[in-house]
Amino acid sequence: MLKRRPDSFSKFGKWVFAVVRKIPRGKTMTYGQVARAAGSPRAYRAVGSILSQNYDPKIPCHRVVRADGGMGGYNRGGVSTKAKILARERA
DNA sequence: CCCCTGACACTTA
DNA sequence: ATAAGTGCCAGGG
């Protein structure tokens, strides 16, 4: 699994990163919401796939959660870190 | 070009 | 409420 940068991704990927980066602190967006904001409401699958490949700290992918409100995974530190950051930023 | 995988979401049993 | 199966899109080999 190669670490891809936002500029390495296609248009959709870049858009996804742009949306995630726009997520305000203490806010969480579901993959479906991000996909919809990216222009493809049915591409939530791709969103997760792309986010998983992205390793850029500039992208707060930890603010992206599942439709259930749970978290799928986290490349940088694991789900524990994700939950931790969320709990911290949520305040 | 074809096939497989994947941080999801929804429906049905 | 929980479990399993199916459908979707994009990226990688």
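Which side chain meets Arg63 in a salt bridge? The answer is in point 6, after a friendly walk through the two DNA strands and the helices.

1. A word on the model. What you have in front of you is a predicted model. Please read the distances and angles below as values computed from that prediction.

2. DNA strand B. A good place to begin is the set of 17 residues around this strand, of which Tyr31, Arg45, Leu51, Ser52 and Ala67 come nearest. Of the strand B atoms that come within 4 Å of the protein, sugar and phosphate account for 40%. By class, the residues near strand B are seven nonpolar, eight polar and two charged. Helix 3, residues 44–53, gives the most to this surface, with seven residues. Helix 2, residues 31–38, is also represented, as helix 2 and helix 3 each supply at least two residues.

3. Polar contacts with strand B. Three pairs of atoms are worth finding in the viewer. Ser52 uses a backbone N or O atom, which lies 2.5 Å from a base nitrogen of DNA strand B. Asn75 uses its side chain instead: an N or O atom there is 3.0 Å from a base nitrogen of DNA strand B. Tyr44 has a polar side-chain atom 3.5 Å from a sugar or linking oxygen of DNA strand B.

4. DNA strand C. Now turn to the other strand. Around DNA strand C you will find Leu2, Arg4, Ser10, Phe12, Arg42, Ala43, Tyr44, Arg45, Ala46 and Gln53. Here sugar and phosphate account for 76% of the strand C atoms that come within 4 Å of the protein. Five of the residues near strand C are nonpolar, two are polar and three are charged. Helix 3 supplies the largest share of this surface, four residues.

5. Polar contacts with strand C. Tyr44 appears again, with an N or O atom of its side chain 3.3 Å from a base nitrogen of DNA strand C. Ala46 contributes a polar backbone atom, which is 3.3 Å from a base oxygen of DNA strand C. Gln53 reaches a sugar or linking oxygen of DNA strand C, with a polar side-chain atom 2.7 Å away.

6. Salt bridges. Here is the answer to the opening question: the side chain of Glu89 meets that of Arg63, with an N to O distance of 2.7 Å. The pair links distant parts of the chain, 26 residues apart. Glu89 belongs to helix 4 (residues 78–90), while Arg63 sits in the loop between helix 3 and strand 2 (64–65). As background, side chains of opposite charge can pair when their charged atoms come close. Over the whole structure, a search finds two salt bridges.

7. Helix 2 against helix 3. How do these helices cross? Their axes come within 8 Å and cross at roughly 100 degrees, which means that helix 2 is roughly perpendicular to helix 3. On the helix 2 side, the contact involves Tyr31, Gly32, Val34 and Ala35, which meet Tyr44, Val47, Gly48 and Leu51 of helix 3. These contact residues divide into six nonpolar, two polar and no charged.

8. Helix 1 against helix 3. Helix 1, residues 11–22, also packs against helix 3, at an angle of about 80 degrees and with the axes 10 Å apart. These two helices are therefore roughly perpendicular to each other. Helix 1 brings Phe12, Gly13, Val16, Phe17 and Val20 to the contact, and helix 3 brings Ala46, Val47, Ile50 and Leu51. The residues of this contact are eight nonpolar, one polar and no charged.

Notes:
Residues numbered from 1 in each chain as written. Chains lettered and ligands numbered in written order. Predicted model: local features only at pLDDT ≥ 70, side-chain atom pairs only at ≥ 80, totals over all residues. Heavy atoms only, no water. Near = heavy atom within 4 Å. Polar contact = N/O pair within 3.5 Å; in protein donor to acceptor, adjacent residues only side chain to side chain. Nonpolar A, V, L, I, M, F, W, Y, C, P; charged D, E, K, R; others polar. Axes fitted to C-alpha atoms, helices over the stretch in contact; angles between N-to-C directions. Parallel < 35°, antiparallel > 145°, perpendicular 65-115°, else oblique. Contact = heavy atoms within 4.5 Å. Salt bridge = Lys/Arg side-chain N within 4 Å of Asp/Glu carboxyl O.
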